[in-house]
Amino acid sequence: MFPTIDQAKPGLQKLIAVLGETYPYASVLAVADDSRVWRVSRSGINIATSGNGGGTGFVARVFDGVGCAEYSFNEFSEEKIPALCEALSRRLAEQNAALDGFAPLPTPVPADRPAVLKKETAWKIHPRELGDEAIVAKINALREKALAVDERVLDAQAMVSYRCYRKLFLSKNRDLDQTVMWTNAMMAVVAARGQEIKMSYKPFSVLGGAELLDQMDAEAEQAARDALELLDSQPIPPGEYDCVCDPATTGMIVHEAFGHGVEMDMFVKDRAQARQFIGDYVASPLVTMHDGAAVDESATMFFDDEGTLTGDTVIIDRGVLKTGMCDALSAARLGVEPTGNGRRESYERKAYTRMTNTYFQGGDCTPEEMIASVEEGFLLECPSSGMEDPKNWGIQCMVTTAKEIKNGKLTGKIYSPIVLTGYVPDLLKSVSMMSKTPELSGSGYCGKGYKEWVKVSDGGPYMKARIRLG
C-alpha cells in the first residue's frame, strides 16, 4: 500500500546521508495517509475525505549537539535535497539567534540504536473496498432501526470513519516501516418529551476495518432506549459517594487523572506535580496503570513519530508511581529512555509526549460483587468529556448517567448529567475493588498544544472508588 513511500525512499536515504555529513544525527519521517467519514442523520448523507488523518508529507529533523531543528514539506525529489539542507541550517541559526544570551536547554544527540522493522496491522474488510453505497446503506438501516423504537425519538445519527496510514522512519541506523488501519463508529440518538430533550451516545472502535459495522447491529435499538431512559433522569444531589465506574468511565479517569499528569514534556517545563512523586504511593495498591502499544486498539502503533519502538510502559505499579511516558527530546533532556510516546498530529506539527492505549489493569472481582458492596451510591456510565490540571492534580469530568444503588441493588432511578471532580491521589487511593477484565475504547481523540489532535484509546475494568459528584 501507498507506493509513493517506496518511490521516495531511495532519495530520502540520500538526504539522510547528505545531512549526516554536517550533523551528528538526522532523521526523516514520511507519512502517506488515507481517511474517510460516512455520516447519516436527519439532515441527510455526508461523505468526507478529510478530517481523520494527518495528511501526506515529510518531516526532517537534525541535531547539532546544541539544539535540534525540523523542517516539513509535502513534495520531495533528490533535486530538492540542497534546498532542504539549507532550510534546516537556516532554522538552526534562527533558533540560536533567538536565544539572545539565554543558555539553551540541554539537547543530547539521540542514541540511534540500529533497528529494522516492517509491520502492518490486520483487517478483514477494507472500507474502501466495501464502498460508499454499501456503508451508507448499512448505517442508514441502523438509523431507521433506532427511529422505529419510539415516537419520542426525534433523530438518530450514525457515523463510520476510518484512517489507514503508512509511516516510514529513516535515520543512519534505523529503517522502520508501519501500516496501520483503525475504524471508528458511533450512534447518537435524540429523544424528547415536551420541552425535555436528551441524547445518548454509543461509540465503537476497532484496530481493523469495516468489520466493525457488525458490532453496531445489536446496539442501535439500545442507543434509542438509553435516550428514552434519560428523559426520566433527575439532577443529582451533590456529595461524595461510593461509585462503581463502568470501563469507559474508568478509562476517562485514567486518561484525565493520570494520563496528562505523567506526560514528561510537562516535567521539563515543571508543569506537572507527578515529577515529585516518582517512587511514592499515589493510588490504592489495586491500581496498576499501563500505556503503550501492547494492546490492539485504535492508538496501537509499532514505532512513534520520532522512530522510538513502542511497547508497554507501567506507569503505576500496585499504587506506586514508577515513571512517566515521554517523547525522545524530553527523554534526552531528563536523562531517561524514551517510551515511544512522541506523536504528531501531522507531519506539519511538532512531536509532543502523547498517550497511546492507556488503561488500568484488572483485579479479581465481578461487577455484580462491586454493586452488591455499595450501601448507597451510584453506577457511573457513559463519560462524555474531561479535563485535568497536572500542576495541581485536580480533575473535572462529565458523565452522562448515574444509576442509583441502595443496599447493594440498582433501584432503577437515574441521574443526569453528572460532574465528577476531585484531587487525583484522593480519588485513586480510594479505589477498593477492580473487576477482572479491562475493556478499552478507541473512539476518541486527545488534544494538546495548540489543540493538536491524535487518536488515543483508554479504559480499564469496572472500578469502585469514593468520588465527589455534582
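**Exercise 1.** In this predicted model, find how many bridges join strand S15 to strand S22, and which way the two strands run.

*Solution.* Start with the ranges: S15 covers residues 357–360 and S22 covers residues 452–460. Count the links: 3 bridges join them. Read the direction: the strands run parallel. Fix the register with one pair: Asn 357 has Ser 457 as its bridge partner in S22.

**Exercise 2.** Place S15 and S22 in their sheet, then name the edge strands.

*Solution.* Write the order: S12-S11-S10-S15-S22-S21. This is an open sheet of 6 strands with mixed pairing. Now take the ends. Strand S12 (320–321) and strand S21 (439–448) each pair on one side only, and they are the edge strands.

**Exercise 3.** State which helix lies across these strands, and at what angle to S22.

*Solution.* The helix is H7, residues 247–259. It lies across S10 (289–292), S11 (312–317), S12, S15, S21 and S22. Its angle to S22 is about 125°.

**Exercise 4.** List the buried residues of helix H6 (residues 220–230) and explain why they line one face.

*Solution.* The list is Ala 220, Ala 223, Ala 224, Ala 227, Leu 228 and Leu 230. Look down the axis of H6: the buried residues fall within an arc of 160°, so they line one face of the helix. The background is helical geometry: an α-helix has 3.6 residues a turn, so residues three or four places apart point the same way.

**Exercise 5.** Describe the largest nonpolar core and the contacts of Phe 76.

*Solution.* The core has 55 residues. Leu 12, Leu 15, Phe 76 and Met 187 have the most contacts inside it. Strand S6 (residues 153–171) gives the largest share, 8 residues. Leaving out residues up to four places away in sequence, Phe 76 touches Ala 8, Gly 11, Leu 12, Leu 15, Phe 58, Ile 81 and Leu 84.

Definitions and conventions. Residues numbered from 1 in each chain as written. Predicted model: local features only at pLDDT ≥ 70, side-chain atom pairs only at ≥ 80, totals over all residues. Heavy atoms only, no water. Core = buried A, V, L, I, M, F, W, Y, C linked by side-chain atoms within 4.5 Å. Buried < 20%, exposed > 50% of the residue type's maximum accessible area, 1.4 Å probe, protein only. Helix = DSSP H or I, 4+ residues; strand = E, 2+ residues; numbered from the N terminus. Contact = heavy atoms within 4.5 Å. Pairing = 2+ DSSP bridges. Axes fitted to C-alpha atoms, helices over the stretch in contact; angles between N-to-C directions. Arc of directions from axis to C-beta.
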